[in-house]
Amino acid sequence: MKEQDHRLDDYFERYGDMLFRHVRTFVDYHTAEDICQETFLRLARNLDHVKPEMVKSWLLGVSKRQALDYLKKGGRYRTRLGLNPEDLDGIDVNSDTERIVIEQEESREMDRVLECLEKEKPRWHDALLMKYQERMSDREIGIEMGIKTSLVGQWRHRARLWLKNRYARKEDEQDG
């Protein structure tokens, strides 16, 4: 049992931040915390069945399905912030609700645009995710993808321009 606890601690230390950033692309901050916690609880229950080399992809897959499930249910499940009703006196709930709705819509829009990038330029997409979610260096990405380090930087630059242009087109479509 202690060995299992150590493995779980190691995985949390290694992948916790990356997993939170991944889930945060789908949902608000507090919901992302809950989903990450639930994902690691599920990993604890399944630790003997998940191969060590598959833990990272397992965590990403399970957390993404949980976040999408949350969004499919319309976000009607509330996250607990640890506040009692009397603690809410003086807080403008409407503005918080509005902010959360806006964050969720922006998150959905970002997800749609990233899906377009993934379909059109999958290697650029992978390079961006490795850099910003997994915090890998260009050298590590180059080794992982089997390309020159300089090409990684070019792909990331092109991907950022592609995303910027796609967002600009989306805004023009919404305004027009």
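This note reviews the helices, the helix packing and the salt bridges of a predicted model.

1. Overall make-up. The protein chain contains seven helices and zero strands. Read along the sequence, its pattern is α-α-α-α-α-α-α. Of the 176 residues of the chain, 32% count as buried. Among contacts between residues at least 6 apart in sequence, 66% join residues at least 24 apart.

2. How helix packing is described. Two packed helices are described by the angle between their axes and the distance between the axes. Points 3 to 6 apply this description to two pairs of helices.

3. Helices α2 and α3: geometry. Helix α2 spans residues 29-46 and helix α3 spans residues 55-72. Their axes come within 9 Å and cross at roughly 130°. Angles over 115 and up to 145 degrees count as oblique, so α2 is oblique to α3. The crossing of these two helices is right-handed.

4. Helices α2 and α3: residues in contact. On the α2 side, the contact involves Thr31, Ile35, Glu38, Thr39, Phe40, Arg42, Leu43 and Asn46. On the α3 side, these residues meet Val55, Trp58, Leu59, Val62, Ser63, Gln66, Ala67 and Tyr70. By type, the residues of this contact divide into nine nonpolar, five polar and two charged.

5. Helices α5 and α6: geometry. Helix α5 covers residues 122-132, and helix α6 covers residues 138-145. The two pack at an angle of about 135°, with their axes 10 Å apart. They are therefore oblique to each other. The crossing of α5 and α6 is right-handed.

6. Helices α5 and α6: residues in contact. Helix α5 contributes Arg123, Asp126, Ala127, Met130 and Lys131 to the contact. Helix α6 contributes Asp138, Ile141, Glu144 and Met145. The residues of this contact comprise four nonpolar, no polar and five charged.

7. Salt bridges: number and a first example. How many salt bridges does the structure hold? The structure holds six. One of them pairs Arg7 with Asp48, whose closest N and O atoms are 3.1 Å apart. Arg7 lies in helix α1 (residues 2-24) and Asp48 in the loop between α2 and α3, so this pair ties together parts that are 41 residues apart in sequence. Arg7 is partly exposed, with a relative accessible area of 25%, whereas Asp48 counts as exposed at 59% relative accessibility.

8. A salt bridge inside helix α2. The side chains of Glu38 and Arg42 meet in a salt bridge, with an N to O distance of 3.1 Å. Because Glu38 and Arg42 are four residues apart in helix α2, about one helical turn separates them. Glu38 has a relative accessible area of 27% and is partly exposed. Arg42 is partly exposed as well, with a relative accessible area of 32%. Both residues also appear in the contact of α2 with α3.

9. A salt bridge between helices α7 and α6. Arg156 forms a salt bridge with Asp138, the closest N and O atoms being 2.9 Å apart. The pair links distant parts of the chain: Arg156 belongs to helix α7 (residues 149-175) and Asp138 to helix α6, 18 residues apart. Are these two partners buried or exposed? Arg156 is buried, with a relative accessible area of 10%. Asp138 counts as buried at 18% relative accessibility, since buried means under 20% relative accessible area. Asp138 is also one of the α6 residues in the contact with α5.

10. A salt-bridge network. Glu38, Arg42 and Arg45 are joined into one network by salt bridges that share partners.

11. Arg166 in helix α7. Arg166 has its place in helix α7. Arg166 is buried, with a relative accessible area of 13%. Which residues does Arg166 touch, not counting residues up to four places away in sequence? Arg166 touches Val113, Cys116 and Glu120.

12. Asp9 in helix α1. Asp9 is placed in helix α1. At 49% relative accessibility, Asp9 counts as partly exposed, because the class of exposed residues begins over 50%. The C-alpha atoms of Asp9 and Phe40 are separated by 9.7 Å, while the two residues are 31 residues apart along the chain. Phe40 is among the α2 residues that meet α3.

Terms used:
Residues numbered from 1 in each chain as written. Predicted model: local features only at pLDDT ≥ 70, side-chain atom pairs only at ≥ 80, totals over all residues. Heavy atoms only, no water. Axes fitted to C-alpha atoms, helices over the stretch in contact; angles between N-to-C directions. Parallel < 35°, antiparallel > 145°, perpendicular 65-115°, else oblique. Left-handed = near helix turned anticlockwise from the far one by under 90°. Contact = heavy atoms within 4.5 Å. Nonpolar A, V, L, I, M, F, W, Y, C, P; charged D, E, K, R; others polar. Salt bridge = Lys/Arg side-chain N within 4 Å of Asp/Glu carboxyl O. Buried < 20%, exposed > 50% of the residue type's maximum accessible area, 1.4 Å probe, protein only.
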